[in-house]
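Please walk me through this structure, pausing at the places where the backbone, the side chains and the surface do something worth a second look.

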Amino acid sequence: MQRRSSTIKDIARELNISVATVSRALRDTYDVSRETREQVLEVAKKLNYKPNLNALNLVKRHTRNIGVLIPTITNDYFSTVITGIQETANLHGYNLILYLTNDSAEIEERLIAELPFNHIDGLLVCISSQTRIHKYLQELSERGISVVFFDRVIAEAGFSKVMQDDYNGAFMAVEHLLSCGYRKIAHITGPSNLLLTQNRIKGYMSALRQFGIEYSKEVSSGFSRQDGQSDTDRLFSQTADRPDAIFAANDRKAIGAILELRRRGIAVGAEVGVIGFTNDSMGEIISPTLSTIAEPAFKIGQSSCELIINQLVSKSETKSVKEILLPCHLIVRESTLRF
């Protein structure tokens, strides 16, 4: 028969004191004498008492759970970010609770409205493409929930954020295309309301200006492969002023662009260059292989988790707000080589 675990009632019975006194002694509160506490600890050791960590955490208003609100985990980028978060959380003794929005503002709104605030200490957030999270920020602050944004972040001040360097990454992509001899570079962007989209457009335009290129075209839509195909179809449906290169907001859109160019019989690289932004593993499988700007996905997850844990363990009432900008790097493959 399995032995029953000892409880604080057993300790109280052994010492002939109240359960409340035992509880206070175990928590080392100011109103219990040193002698009583030592007696309680001695009996607890003798009875092999194991504290109920869940109960203690509730008393201390800590659950050691961190919520993660994220659009998806089905692509390489987000699964790598989650790995970075998970490894850091495990290292510090925290658990993760994932909330998937499927990149839907409606689902995101419902999840935030129904968050079990008594079951999480903090929240890591990567917003949906058409987010309406802004109206919940004040409520999250009032409830004392620490919030850190990562990757897709809000523009508002007062919250810590971890981002890749979208501006310089975009600049690097355009600079690479220009160095390969392309001169009419179009940008198929993500949703225009996202800060990362805005920063990548700024990097794109800045590079064109710096190198004296007057040609610029932008087509804005979502982040999917299908969006990349339809954006490229729009660019090449016109007979005049077609681009000779495409800079895509992410690798999925870039792969969509490659598929559409191939459908039209246009040689990728030789006739039209394509570069993405992410470093998705599909970029090494597609033909031709995809040049890209690699994002530091694991480091983004790691840094955002470290930030929120630092907030949770901080003794200060005022949480320090930090913005971390992580560098990207260029990976050259076949899609930008003019053979």
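D241 counts as partly exposed because its relative accessibility is 42%, a value that falls between the limits of 20% and 50% that separate buried from exposed residues. In this model, which is a predicted one, D241 is found in the loop between helix 10 (225-237) and strand 8 (245-248), and its phi is near 60°, a positive value in a residue other than glycine. Most residues other than glycine have a negative phi, and most peptide bonds are trans.

D241 also takes part in a salt bridge with K184, in which the closest N and O atoms are 3.2 Å apart. The pair links distant parts of the chain, since K184 is in the loop between helix 8 and strand 6 (185-189) while D241 is in the loop between helix 10 and strand 8, 57 residues apart. K184, at 29% relative accessibility, counts as partly exposed.

Two further places in the backbone belong beside D241. N102, which lies in the loop between strand 2 (95-100) and helix 6 (105-113), has a positive phi of about 55° although it is not a glycine, and at 57% relative accessibility it counts as exposed. The other place is a peptide bond: S287 and P288 are joined by a cis peptide bond with omega of about 0°, and P288 is found in the loop between strand 9 (273-278) and strand 10 (291-294).

From here one can turn to charged side chains in general. Side chains of opposite charge can pair when their charged atoms come close. How many salt bridges does the structure contain? The count comes to 17 salt bridges, and the pair of R200 and D166 is one where the closest N and O atoms are 2.7 Å apart. This pair links distant parts of the chain, with R200 in helix 9 and D166 in helix 8, 34 residues apart, and both R200 and D166 are buried. R200 has a second contact as well, for it lies over the face of F277 at 3.8 Å from the ring centre. A comparable arrangement involves R64, whose charged end sits over the ring of Y94, 4.2 Å from its centre.

The side chains of D231 and K253 meet in another salt bridge, at 2.6 Å from N to O. This pair, too, links distant parts of the chain, with D231 in helix 10 and K253 in helix 11 (residues 251-263), 22 residues apart. D231 counts as buried because its relative accessibility is 1%, and K253 counts as buried at 0%. Elsewhere, salt bridges that share partners join E106, E109, R132 and K135 into one network.

Aromatic rings form another set of contacts, and a search of the whole structure finds 4 aromatic pairs. In one of them, the rings of Y77 and F78 have their centres 5.1 Å apart and their planes at 75°, so the pair is edge-to-face; both Y77 and F78 are buried. Another pair is that of F171 and F211, which is tilted, with 6.4 Å from centre to centre and 45° between the planes. Because F171 lies in helix 8 (residues 166-179) and F211 in the loop between helix 9 (195-210) and strand 7 (217-220), the pair ties together parts that are 40 residues apart in sequence. F171 is buried, with a relative accessible area of 13%, whereas F211, at 40% relative accessibility, counts as partly exposed.

What does a search for disulfides find? The search of the whole structure finds 0 disulfides. For C126 the reason is distance, because its sulfur is 14 Å from the closest cysteine sulfur, in C328, which is too far for a bond. C180 is likewise in no disulfide, and the nearest cysteine sulfur, that of C328, is 18 Å away from it. C126 is buried, with a relative accessible area of 0%, while C180 is partly exposed, with a relative accessible area of 23%.

The last stop is on the surface, where L330, V332, L337 and F339 make a nonpolar patch of about 390 Å². Within this group, L337 is found in the segment after strand 12 (329-331), and L337 is partly exposed, with a relative accessible area of 33%.

Key. Residues numbered from 1 in each chain as written. Predicted model: local features only at pLDDT ≥ 70, side-chain atom pairs only at ≥ 80, totals over all residues. Heavy atoms only, no water. Patch = residues over 30% accessible without salt bridge, like charges linked within 9 Å, V, L, I, M, F, W, Y side chains within 5 Å. Areas by Shrake-Rupley, 256 points an atom, 1.4 Å probe, with all protein chains shown as cover. Salt bridge = Lys/Arg side-chain N within 4 Å of Asp/Glu carboxyl O. Helix = DSSP H or I, 4+ residues; strand = E, 2+ residues; numbered from the N terminus. Buried < 20%, exposed > 50% of the residue type's maximum accessible area, 1.4 Å probe, protein only. Disulfide = S-S within 2.5 Å. Phe/Tyr/Trp six-rings, centres within 6.5 Å; stacked < 30°, edge-to-face > 60°. Lys NZ or Arg CZ within 6 Å of the ring centre and 35° of its normal.
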